[in-house]
Amino acid sequence: MNETTQTVIVPASDKSTRRDFLYIATAAFGTLGAAASLVPFVSNMNPDASTLAAGSPVELDLTKVAPGQQVVVRWRSRPVFVTHRTPEAVQKLKDPALLAMLADPKSSEVQQPPYVENWHRSVKPEFGLVIGICTHLGCIPIFEPQPNPTTPAPNWPGGYFCPCHGSKYDLAGRVYQGVPAPYNLPVPPHHFLSDTMVRIGENPPNSNFEFSSIEQI
Ligand code: FES
């Protein structure tokens, strides 16, 4: 895996008043060759920028995301973190020791569509999709999937770390207790067109969930 750094510029949310400015943050992404090909998708807003800004769905072929990897897709001017969880990472999401440290382990707050109100906050346990904007003041959390005794924070358990004020989230975007961020990371509407093709920004046919109903975007 190569480690690369990219600057992400995220326009303000159309809902939040606290974050009514441009966020400029540096996010580190693990990339493979296939994932690297997706980076221009973030930088150049391809397809057409106005189409994406208007909220049109974005499709992603998940065969291009290797286990343990994350790619970032831009939808509605927001970064969507798409993670391919390893079997170990999936198992960890159910670990009672982890759940005891989370503020909202059962996703009780409306931070996701109802069809992902489950222990893995996604349609398929092995794939996670969250909006990569910290629910504290809107920085871009860093993908740090591996536990580490010192980095990016002491006794790091693996997950997402927000460098601005130290908020921590697990690999399902669930926020830890005792950090500034008050809510889990939002999950965007999405559904699967096939086993490996996901459409981000659109509900499954049986759902009319409104993205704007999320408590904190
Ligand atoms: S903006 Fe993420 S911790 Fe403050």
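Here is a short walk through one sheet of this predicted model, strand by strand.

**Stop 1: the whole sheet.** Select residues 70–75 (S4), 78–84 (S5) and 127–131 (S6). Together they make an open sheet of 3 strands, ordered S4-S5-S6 and paired antiparallel. S4 and S6 sit at the edges, each pairing on one side only. Look along the sheet and you can follow the twist, which averages 25° from one strand to the next.

**Stop 2: strand S4.** Now keep just residues 70–75. Is this edge strand covered or bare? Mostly covered: 6 of its 6 residues are buried. Side chains in a regular strand alternate between the two faces of the sheet, so colour the two sets separately. On one side you get Gln70, Val72 and Arg74, and on the other Val71, Val73 and Trp75. Both faces are covered, with every one of those residues buried.

**Stop 3: across to S5.** Bring back residues 78–84 and show the backbone. S4 and S5 run antiparallel, joined by 6 bridges. For a handy landmark, pick Val73: which residue is its bridge partner in S5? That would be Val80.

**Stop 4: the turn.** Zoom in on the hairpin linking S4 and S5, where 2 residues lie between the strands. Click on Arg76 and check its backbone torsions: phi is positive, near 50°.

**Stop 5: out to S6.** Finally, add residues 127–131 again. S5 and S6 also pair in the antiparallel sense, this time over 5 bridges. To find your place along this pairing, select His84 and then Phe127, its bridge partner in S6.

Technical notes. Residues numbered from 1 in each chain as written. Predicted model: local features only at pLDDT ≥ 70, side-chain atom pairs only at ≥ 80, totals over all residues. Buried ≥ 20, exposed ≤ 12 C-beta atoms within 10 Å, placed from the backbone. Helix = DSSP H or I, 4+ residues; strand = E, 2+ residues; numbered from the N terminus. Pairing = 2+ DSSP bridges. Axes fitted to C-alpha atoms, helices over the stretch in contact; angles between N-to-C directions.
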